[in-house]
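These notebook entries record what I looked up, topic by topic. I begin with open space and then turn to contacts between side chains.

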Amino acid sequence: MSKDKYTRQNVKSDIMEKVLIRVDYEGVSDIAQLIIKLKPKWLDSFKSYQKVTNNNYNINVTDLALEKRTISIPDPERQVIHRFSGCKLGNPNTYMDISERFAYIDISAGANYIGTQCFTEIMAKYIHELLKTDPFIRLTRVAIRKIDRVIVNHQTNTDDIIEQPISQVYVTQNRVPLKKHYSDIMMLTDVDSIVNIERDLSLIKDRNDIIVKQIILDMDIYKQGEKQIGISRETSMDSIKNVLESKLNDPLFGLYIESFKESYIDANFYKP
């Protein structure tokens with residue numbers, strides 16, 4: 001059977017841990033006036049606003065298998081982060097951070113996950129408003145990252161779950177693989193985007209101190225540089241959202257479907 005039958009409407013996954021939408025830019029002199037303008041517009045999406053001051057702003061994924069993947073933005077000066085939190089869309093733990101160098105939406109998934117589209121729309125609105133404030137502002141990178149986690153019995157054959165095998169290579173009586181890590185970087189020529197795909201297979205203990213197998217699928221897709229991004233001050237908000245959706249978000253969904261066995265999707269995610 002073909003995987004063409006799978007769409008966002010009929011695939012409902014509960015393994016999504018986190019979605020991250022980020023834009024980096026340069027040329028901003030003062031973000032404060034834009035924040036004042038955004039506050040009334042963000043009332044439908046967030047309950048709270050506060051300033052957070054950091055020396056070195058880190059984006060952390062707290063899962064044990066992902067602790068090493070910390071994105072740091074070195075900054076010897078204390079910078080102000082404008083944080084909109086208490087999200088009214090889906091999981092209330094979702095928040096948006098804005099600084100003079102980047103904007104970032106950290107989407108908590110879980111039971112209240114409602115998809116990514118409403119948040120790409122928020123980011124598209126932000127980018128549109130940002131570029132209108134100053135002709136010297138340029139986008140340097142736009143990206144979406146999605147992290148999925150599967151927990152199964154330690155005796156489960158993970159090759160029945162993942163399309164590309166990540167099971168143990170060394171099979172002997174006295175060797176137990178505790179962790180395996182695979183990384184791919186590829187260019188998606190049809191959408192001119194770059195994607196990093198990382199897969200981790202590890203043995204961990206769950207909350208009940210039982211040994212289980214954990215699979216982490218961590219995918220990061222991005223466009224870098226003004227030409228590749230294709231968004232300028234003249235770009236409409238709908239066109240900006242189209243870049244985020246059709247050039248970043250849609251390809252990630254396709255790669256997600258490619259990553260899992262059809263039998264596993266049918267048994268766990270497919271809701272025709």
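**Entry 1. The largest pocket**

I note at the outset that the model is predicted. I began with the lining of the largest pocket, whose residues divide into 8 nonpolar, 7 polar and 5 charged. The lining comprises 20 residues in total. I then asked which residues lie nearest the centre of this pocket. They are Arg8, Val11, Ser13, Tyr113 and Gly115. For the space in the largest pocket I recorded about 400 Å³.

I next looked up which elements contribute to the lining. Strand 8 (138–153) and helix 4 (237–259) each provide at least two residues. Helix 4 makes the greatest contribution to the lining of the largest pocket, with 4 residues.

**Entry 2. Helix 2**

I checked the geometry of helix 2, which runs over residues 117–133 and has 17 residues. From its first C-alpha to its last, helix 2 reaches 25 Å, which is close to the 24 Å expected at 1.5 Å a residue. I then listed the buried residues of helix 2: Phe119, Thr120, Ile122, Met123, Ala124, Tyr126, Ile127, His128, Glu129, Leu130 and Leu131.

Glu129 appeared again when I turned to charged side chains. A network of salt bridges links Glu129 with Lys37, Lys41 and Lys132.

**Entry 3. Salt bridges**

How many salt bridges does the structure hold? I recorded 18. I examined three pairs individually.

The first pair is Lys5 with Glu262, whose side chains meet in a salt bridge at 3.5 Å, N to O. This pair links distant parts of the chain, 257 residues apart: Lys5 belongs to the segment before strand 1 (16–26), and Glu262 to helix 5 (residues 262–268). Are the two partners buried or partly exposed? Lys5 has 21% relative accessibility, so it counts as partly exposed. Glu262 has 16% relative accessibility and therefore counts as buried. The cut-off that separates them is 20%, since buried means under that value.

The second pair is Lys18 with Asp106, for which I noted 2.8 Å between the closest N and O atoms. Lys18 is in strand 1 and Asp106 in strand 7 (residues 102–108), so this salt bridge ties together parts that are 88 residues apart in sequence. Lys18 is buried, with a relative accessible area of 17%. Asp106 is also buried, at 5% relative accessibility.

The third pair is Arg83 with Asp97, a salt bridge with the closest N and O atoms 2.7 Å apart. Arg83 is in strand 5 (residues 79–87) and Asp97 in strand 6 (residues 95–98), so that distant parts of the chain, 14 residues apart, are linked. I found both Arg83 and Asp97 to be buried.

**Entry 4. Strand 5, continued**

I stayed with strand 5 to look up His82, which is found there. His82 is buried, with a relative accessible area of 6%. I also took one backbone distance: the C-alpha atoms of His82 and Ala103 are separated by 9.2 Å, while the two residues are 21 residues apart along the chain.

**Entry 5. Aromatic pairs**

I counted aromatic pairs next, and the structure holds 10 of them. Tyr49 and Phe84 form one such pair, which is tilted, with 5.2 Å centre to centre and 50° between the planes. Tyr49 lies in strand 2 (residues 46–54) and Phe84 in strand 5, so the pair ties together parts that are 35 residues apart in sequence. Tyr49 is partly exposed, with a relative accessible area of 27%. Phe84, by contrast, counts as buried at 3% relative accessibility.

I then examined Tyr256 and Phe269, whose ring centres are 6.2 Å apart and whose planes stand at 35°, so this pair is tilted. The pair links distant parts of the chain, Tyr256 in helix 4 and Phe269 in the segment after helix 5, 13 residues apart. Tyr256 is buried, with a relative accessible area of 7%. Phe269 counts as buried at 1% relative accessibility.

Which residues do ring pairs link into a cluster? I recorded Phe253, Tyr256, Phe260, Tyr264 and Phe269.

Key. Residues numbered from 1 in each chain as written. Predicted model: local features only at pLDDT ≥ 70, side-chain atom pairs only at ≥ 80, totals over all residues. Heavy atoms only, no water. 1 Å grid on protein atoms, 1.4 Å probe; cavity = no way out; pocket = protein on both sides within 12 Å on 5 of 7 lines; lining within 4 Å. Points joined across faces, edges and corners; volume = space filled by probe spheres on them. Nonpolar A, V, L, I, M, F, W, Y, C, P; charged D, E, K, R; others polar. Expected span 1.5 Å × (residues − 1). Buried < 20%, exposed > 50% of the residue type's maximum accessible area, 1.4 Å probe, protein only. Salt bridge = Lys/Arg side-chain N within 4 Å of Asp/Glu carboxyl O. Phe/Tyr/Trp six-rings, centres within 6.5 Å; stacked < 30°, edge-to-face > 60°.
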